[in-house]
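Biologist: Could you take me through this model and tell me how each label was reached? I'd like to see the values set against their cut-offs.

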Amino acid sequence: MEHQLSSRRLQREAHTVAAMIRRYCRDHHHTTDRLCADCAELLAYARRRLTRCPFQERKTTCGKCPVHCYAPAMRERIREVMRYAGPRMLFSHPLLALMHLLDGLRKPGPRA
């Protein structure tokens with residue numbers, strides 16, 4: 001059963017990562033209205049990681065987090081997606097990109 005994200009902050013982060021994965025999938029796997037199986041798996045994995053984050057709404061971005069909860073292979077996959085889609089988000093989703101940059105400046109709070 002899928003867990004709900006506990007805060008608007010985490011919901012926004014889930015929306016941001018979904019937008020990045022959609023952009024990556026569309027441009028690299030030539031999909032149109034849905035994700036390929038590999039990208040859908042990555043999105044589901046990222047969402048599970050967010051629901052289980054020990055910092056919850058007090059978290060920084062995953063790349064700056066002191067706890068790396070992604071498995072090494074999945075971590076490399078999400079890095080590849082973010083390296084590609086991150087800069088392009090400024091044009092397609094400028095508000096999400098700005099909020100993601102600001103979230104990266106946060107220091108993680110105590111674990112929930």
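Biologist: At what angle do H1 and H2 pack, and how far apart are their axes?
Modeller: H1 and H2 pack at about 165 degrees, their axes being 10 Å apart. Helices are DSSP runs of H or I, at least four residues long, numbered from the N terminus. Axes are lines fitted to C-alpha atoms over the stretch in contact, with angles from 0 to 180 degrees between N-to-C directions. One caution: this is a predicted model, where local features need pLDDT of at least 70 and side-chain atom pairs pLDDT 80 or more, while totals for chains, interfaces and linings use all residues. Numbering starts from 1 along each chain as its sequence is written, and side-chain values use heavy atoms, without hydrogens or water.

Biologist: What makes H1 and H2 parallel or antiparallel?
Modeller: Their angle of about 165 degrees makes H1 roughly antiparallel to H2, as the label applies over 145 degrees (under 35 is roughly parallel, 65 to 115 roughly perpendicular, the rest oblique).

Biologist: Which residues of H1 and H2 meet?
Modeller: With contact meaning heavy atoms within 4.5 Å, the H1 side includes Leu-10, Val-17, Ile-21 and Tyr-24, and the H2 side includes Cys-39, Leu-42, Ala-46 and Leu-50. The contact divides into twelve nonpolar, one polar and two charged residues; Ala, Val, Leu, Ile, Met, Phe, Trp, Tyr, Cys and Pro count as nonpolar, Asp, Glu, Lys and Arg as charged, and the others, Gly among them, as polar.

Biologist: Why are H2 and H3 called roughly perpendicular to each other?
Modeller: Their axes cross at roughly 105 degrees and come within 11 Å, so H2 and H3 earn the label roughly perpendicular. Asp-38, Cys-39, Glu-41, Leu-42 and Tyr-45 of H2 make the contact with Met-74, Arg-77, Ile-78 and Val-81 of H3. Here the split is six nonpolar, no polar and three charged.

Biologist: And what makes H1 and H3 roughly perpendicular to each other?
Modeller: Roughly 100 degrees is the crossing angle, and the axes come within 8 Å; H1 and H3 are therefore roughly perpendicular too. Among the residues that meet are Met-20, Tyr-24 and Asp-27 in H1, and Met-82, Tyr-84 and Met-89 in H3. This contact has eleven nonpolar, four polar and four charged residues.

Biologist: How many residues line the largest pocket, and which lie nearest its centre?
Modeller: There are 30 lining residues, with Thr-61, Cys-62, Gly-63, Met-82 and His-100 nearest the centre. Helices H1 (8-29), H2 (37-51), H3 (72-92) and H4 (94-103) each give two or more residues to the lining. H3 gives the largest share, seven residues. A pocket is an open set of points on a 1 Å grid over the protein atoms alone, where a 1.4 Å probe fits, with protein on both sides within 12 Å along at least five of seven lines; lining residues have an atom within 4 Å of a point.

Biologist: What is the make-up of the lining of the largest pocket?
Modeller: The lining divides into 17 nonpolar, seven polar and six charged residues.

Biologist: Which helix gives the largest share of the lining of the second largest pocket?
Modeller: That is H1, with four residues. The lining includes Arg-22, Arg-23, Arg-26, Asp-33 and Arg-34, and its residues divide into three nonpolar, four polar and five charged.
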